[in-house]
Amino acid sequence: MYLVGAGPGDIGLITVRGMELVRTADVIVYDQLANSELLGHARPDAKLIDVGKQGGHHKVRQEGINRIIVEEAQAGRTVVRLKGGDPFMFGRGGEEAEELRKAGIAVHVVPGVTSAIAAPAMAGIPVTHRDHAPMVTFVTGHERDDRPDERIDWGVLARTGGTIVILMGMAHLAQNMRRLMEGGMLPSTPVAVVHRGSTPAQRAVLSTLDRVAEECERQRVGSPAVVVVGGVASLREVLGDLL
Ligand code: SAH
């Protein structure tokens, strides 16, 4: 079984290896972030299984996804588990791989182009830059619902001196921006939000730490989006969309 990164949306951004596996797989297990055009490249007799989340509701729960993959693989079929972006970047790919390994299944991973880097890039924002950011931190906007204890220290994040890239960051945007300001980041720090990066629906909002949540609400820019905090965000003014 192959855990395959589908890239951030544009069909051209899946890897050559990923596309080869989509073309030859017996079974493709996918969710909504993977570009559905990709499925048009599957074998006509391939079994396509949609396990996507819809509006926060899991169509098939994680245990169900794992069970489907295990059953299909144990039946001797070549299974491609397509995941948006890179399978191991906040996509539970790691958890799926663990389960499959436990079930004794041969697991391979085909890394993908993550939206964490690609969405900013397509909107004219390099996540590192010698003049602005010598480092970048990838962080989730909210931790898992079954964990009451927060492990993310936003005060520490406020002081890294590098770019902060937040995925799944829209639901708690205002709160997290406030935490960064409380941690000492200037309210005037540039922040960009890139919605559906790399797709024809790409939209970006360039604002500041103290205003971005309000601005996104005003412009109705929501999930899925990548939030980029730091000086690099202002490069969008120079570079613009790079689609
Ligand atoms: N494994 C994926 C991320 C899964 S978490 C990856 O590597 O890209 C889902 C989050 O990814 C979304 O909440 C959003 O923050 C981000 N995301 C995925 N695709 C995106 C896109 N095309 N544009 C902007 N953000 C995207």
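Student: What is the order of the five strands in the open sheet with parallel pairing?

Tutor: In this predicted model, the order is 3-2-6-1-7.

Student: What makes strand 3 and strand 7 the edge strands?

Tutor: Strand 3 (47–50) and strand 7 (108–110) each pair on one side only.

Student: How do you know that strand 2 and strand 3 pair?

Tutor: Two strands count as paired if at least two bridges link them. Strand 2 (residues 27–30) and strand 3 are joined in the parallel sense over four bridges, so the criterion of at least two bridges is met. In one of these strands, strand 3, K47 is the bridge partner of V27.

Student: Which helices lie across strands of this sheet?

Tutor: Helix 1 (residues 16–24) lies across strand 1 (2–5), strand 2, strand 6 (79–83) and strand 7, and runs at about 125° to strand 1. Helix 2 (residues 62–74) lies across strand 2, strand 3 and strand 6, at about 150° to strand 6.

Student: What is the strand order of the open sheet with mixed pairing?

Tutor: That sheet has five strands in the order 8-9-12-10-11.

Student: Why is one side of strand 8 and of strand 11 left without a neighbour in the sheet?

Tutor: Strand 8 (136–140) and strand 11 (203–208) stand at the edges and have a single partner strand each, so one side of each has no neighbour in the sheet.

Student: How do you know that strand 9 and strand 12 pair?

Tutor: Strand 9 (residues 163–167) and strand 12 (residues 225–229) are linked in the antiparallel sense over three bridges; the requirement is at least two, so they pair. I164 stands opposite V229 in strand 12.

Student: Which helices pack on this sheet, and at what angles to strand 12?

Tutor: Helix 4 (residues 115–122) touches strand 8, strand 9, strand 10 (190–195) and strand 12, and its direction makes about 80° with that of strand 12. Helix 6 (residues 173–182) touches strand 9, strand 10 and strand 12, with about 15° between its direction and that of strand 12.

Student: What area do domain 1 and domain 2 bury between them?

Tutor: The domain assignment gives domain 1 (2–110) and domain 2 (115–239). Between them they bury about 740 Å², 76% of it on carbon and sulfur atoms. In domain 1, P8, M89 and F90 lose the most area to domain 2, together 65% of what that side buries.

Student: How many salt bridges and how many residue pairs in polar contact are found across this interface?

Tutor: The rule finds zero salt bridges across the interface of domain 1 and domain 2, and one residue pair in polar contact.

Methods
Residues are numbered from 1 along each chain as its sequence is written. This is a predicted model: local features need pLDDT of at least 70, side-chain atom pairs count only at pLDDT 80 or more; totals for chains, interfaces and linings use all residues. Side-chain values use heavy atoms; hydrogens and water are left out. Helices (H or I, at least four residues) and strands (E, at least two) are DSSP runs, numbered from the N terminus. Contact means heavy atoms within 4.5 Å. Axes are lines fitted to C-alpha atoms, for helices over the stretch in contact, and angles run from 0 to 180 degrees between N-to-C directions. Domain bounds come from an automatic or database domain assignment. Buried area is the accessible area (1.4 Å probe) that two parts lose on being put together, summed over both. A salt bridge is a side-chain nitrogen of Lys or Arg within 4 Å of a carboxyl oxygen of Asp or Glu. A polar contact is a pair of N or O atoms within 3.5 Å; within protein, one must be able to donate a hydrogen and the other to accept it, and residues adjacent in sequence count only if both atoms are side-chain atoms.
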